[in-house]
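Visitor: I'd like a close look at a single part of this protein. Could you pick one helix and walk me through how it sits in the chain?

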Amino acid sequence: MSKTPKAWAMLHAKCPRCRRGDMFEGQMYSISQNKIRQDCPNCGLYFEIEPGYFYAAMYVSYALNIAEGGALVTGTYLLTHNTTSPWLYCIVLIGGCFLLSPITFRYSRVLLLYWLSPKIHYQPYLDIDDKPANY
Ligand SMILES: [Zn+2]
C-alpha cells in the first residue's frame, strides 16, 4: 500500500489529513472559481478549524507576495539590466503579482494548513482508496 508523498499532496492542494481529497473547488488556475471547500470530500476534515482561521492565510499570502516580488524584480534586472526606469519594475511587479494571485491564494492556504496548523496531522489510515467503515 503506497502512501501519498507530502510534497505531491501540497503541490496538488490535497487535504493535509488524508492527502486524498481536494481542498479547492474548480481548476488549479482560476480567478472566478478559486474557492476552498468547507470540508474534505474524502475524510471529512473541516478545513476552517477555528472561526476566521483563514485570516491567518493573509500573512502567509503577504510573505508569498514578498517572495514573488523579489523574484520578479531580480529576474527583470537579470534579463534587462535596467537601472534607469523604475516604471519597468513597477509594471512587472504589479502585473506579475496580479497574474500569480490565484496561485498565491491557494498556496497560502495550503502552507497554512500543512506547516502552520499544529492541530492537523497526517493520518496514514485515511490515505487509502477505500474509506474506513466508520466514515
Ligand atoms: Zn481529507
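Guide: Sure, and keep in mind that this is a predicted model. Going from the N terminus, the elements of the protein chain come in the order α-β-β-α-α-α, which adds up to four helices and two strands. Let's zoom in on helix α2, residues 56-80.

Start with its length. Helix α2 has 25 residues, and at 1.5 Å a residue they should span 36 Å; the C-alpha atoms at its two ends are 36 Å apart, so the expected and modelled spans agree.

Now for what's tucked away. The buried residues of α2 are A57, V60, S61 and L64. Look at the spacing of those numbers with a bit of helix geometry in mind: an α-helix has 3.6 residues a turn, so residues three or four places apart point the same way. As for what lies over the buried residues of α2, the cover includes α4, residues 101-115.

At the other end, α2 is followed by H81, which has a positive phi, near 55°.

Step back, and here's the setting for that helix. Of the 135 residues in the protein chain, 20% count as buried. The radius of gyration of the chain is 18 Å, whereas a compact globule of 135 residues would have one near 14 Å. Along its principal axes, the C-alpha trace spans about 65 × 35 × 30 Å. And if you take the contacts between residues at least 6 apart in sequence, 57% of them join residues at least 24 apart.

Definitions and conventions. Residues are numbered from 1 along each chain as its sequence is written. This is a predicted model: local features need pLDDT of at least 70, side-chain atom pairs count only at pLDDT 80 or more; totals for chains, interfaces and linings use all residues. The radius of gyration is taken over C-alpha atoms; the globule rule is 2.2 Å times the number of residues to the power 0.38. A residue is buried if 20 or more other C-beta atoms lie within 10 Å of its own, exposed if 12 or fewer, and partly exposed in between; C-beta atoms are placed from the backbone. Two residues are in contact if their C-beta atoms, placed from the backbone, lie within 7 Å. The expected span of a helix is 1.5 Å times one less than its number of residues.
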